Amino acid sequence: MVSQKIKTEEFWNPEHVVEKFWNGLKEGVIYAKKCSNCGAVEFPPHLACNTCGYPETEWIQLTGKGKLKSFVFTGVLNARLELEDRGLKYVCGEVELDEGPSLNAVILGINKKKGREIEDKLPVRVRPVFYDMGEYTTLFFELDE
Ligand SMILES: [Zn+2]
C-alpha cells in the first residue's frame with residue numbers, strides 16, 4: 001500500500017506551484033518539477049509525477065533551450081490574438097526541451113519566408129524568450145542561430 005502521507009506543503013496549496021512558475025518567468029527563470037522517484041521532468045510543473053504518479057517532486061530550473069520539431073502557421077482558428085495585436089510574426093510548434101519535456105509553444109520571428117527556409121532543416125535549435133505581456137511574463141521561443 002502506498003503511503004498517503006504527503007510531505008510537501010505545496011500539495012495543500014496548489015497555487016504555490018502556479019505562482020512560483022509565473023514569478024519565475026518574470027525573473028527569467030524556468031521552473032519545472034522533477035520526480036523524486038523516477039526522475040521524470042514535469043513541465044509545466046505539476047504537483048505529482050505524471051509519469052509514475054509519485055506525489056513527491058522537487059523544483060528544478062530548465063535552460064529553456066531545445067529543438068523545434070514541427071510547426072504550423074496559424075490561421076483564423078488558432079491565431080493568438082494577443083500576438084496578432086502586437087504585430088508579431090510567429091508560428092506554433094512542438095519544442096522538445098533539452099531536459100526532456102515537450103511542449104506546444106509559440107516561436108517568435110518566423111514569417112512565411114523564414115518558415116520555408118527552416119522547414120527542411122527541422123529539428124532546429126531554439127532558445128527561450130521571456131516576453132513581457134504587460135500584466136504577466138510568458139515563455140516563448142525564438143530560433144537559436
Ligand atoms: Zn515519477
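In what order do the three strands of the open sheet run, and is the pairing parallel or antiparallel? The order is 2-1-3, and the pairing is antiparallel. Strand 2 (41-42) and strand 3 (57-62) form the edges, each pairing on one side only. Strand 1 (residues 30-35) and strand 3 are joined by six bridges in the antiparallel sense. Within this pair, K33 stands opposite W59 of strand 3. Helix 1 packs on this open sheet, where strand 1 and strand 3 are touched. The direction of helix 1 makes about 140° with that of strand 1.

The model analysed here is predicted. Its chain holds three helices and eight strands. Read from the N terminus, the elements follow the pattern α-β-β-β-β-α-β-β-α-β-β. The chain has 145 residues, of which 36% are buried. Along the principal axes, the C-alpha atoms fill a box of roughly 55 × 35 × 30 Å. The accessible surface of the chain is about 8,800 Å². Carbon and sulfur atoms account for 49% of that surface. Contacts were also examined by sequence separation. Of those between residues at least 6 apart in sequence, 49% join residues at least 24 apart.

The second sheet is a closed barrel. Five strands make up this barrel, in the order 4-5-6-8-7, and the pairing is mixed. From one strand to the next, the twist averages 55°. Helix 1 packs on the barrel too, touching strand 7 and strand 8 (137-143). Here the helix direction makes about 55° with that of strand 8. Helix 1 thus touches strand 1 and strand 3 of the open sheet, as well as strand 7 and strand 8 of the barrel.

Strand 4 (residues 66-72) has partners in strand 5 and strand 7. With strand 5 (residues 90-97), strand 4 pairs in the antiparallel sense over six bridges. One residue pair in this ladder is L68 with V95, its bridge partner in strand 5. Strand 7 (residues 124-132) also runs antiparallel to strand 4, and three bridges join the two. On that side, K67 has R125 of strand 7 as its bridge partner. In a regular strand, side chains alternate between the two faces of the sheet. Helix 3 (residues 112-119) lies across strand 4, strand 7 and strand 8. Its direction runs at about 120° to strand 4.

The surface carries a nonpolar patch of about 280 Å². The residues that make this patch are V18, W22 and Y136. V18 belongs to helix 1, which spans residues 15-26. Why can V18 count towards a surface patch? Patch residues need over 30% relative accessible area. V18 qualifies on that criterion because its relative accessible area is 47%, which makes it partly exposed.

How values were computed. Residues are numbered from 1 along each chain as its sequence is written. This is a predicted model: local features need pLDDT of at least 70, side-chain atom pairs count only at pLDDT 80 or more; totals for chains, interfaces and linings use all residues. Side-chain values use heavy atoms; hydrogens and water are left out. Patches are made of residues with over 30% relative accessible area and no salt bridge: like charges are joined within 9 Å, nonpolar side chains (Val, Leu, Ile, Met, Phe, Trp, Tyr) within 5 Å. Accessible areas come from the Shrake-Rupley method with a 1.4 Å probe; for residues, only the protein chains shown count as cover. A salt bridge is a side-chain nitrogen of Lys or Arg within 4 Å of a carboxyl oxygen of Asp or Glu. Helices (H or I, at least four residues) and strands (E, at least two) are DSSP runs, numbered from the N terminus. Buried means under 20% relative accessible area, exposed over 50%, partly exposed in between (1.4 Å probe, protein chains only). Two strands pair if DSSP finds at least two bridges between them. Contact means heavy atoms within 4.5 Å. Axes are lines fitted to C-alpha atoms, for helices over the stretch in contact, and angles run from 0 to 180 degrees between N-to-C directions.
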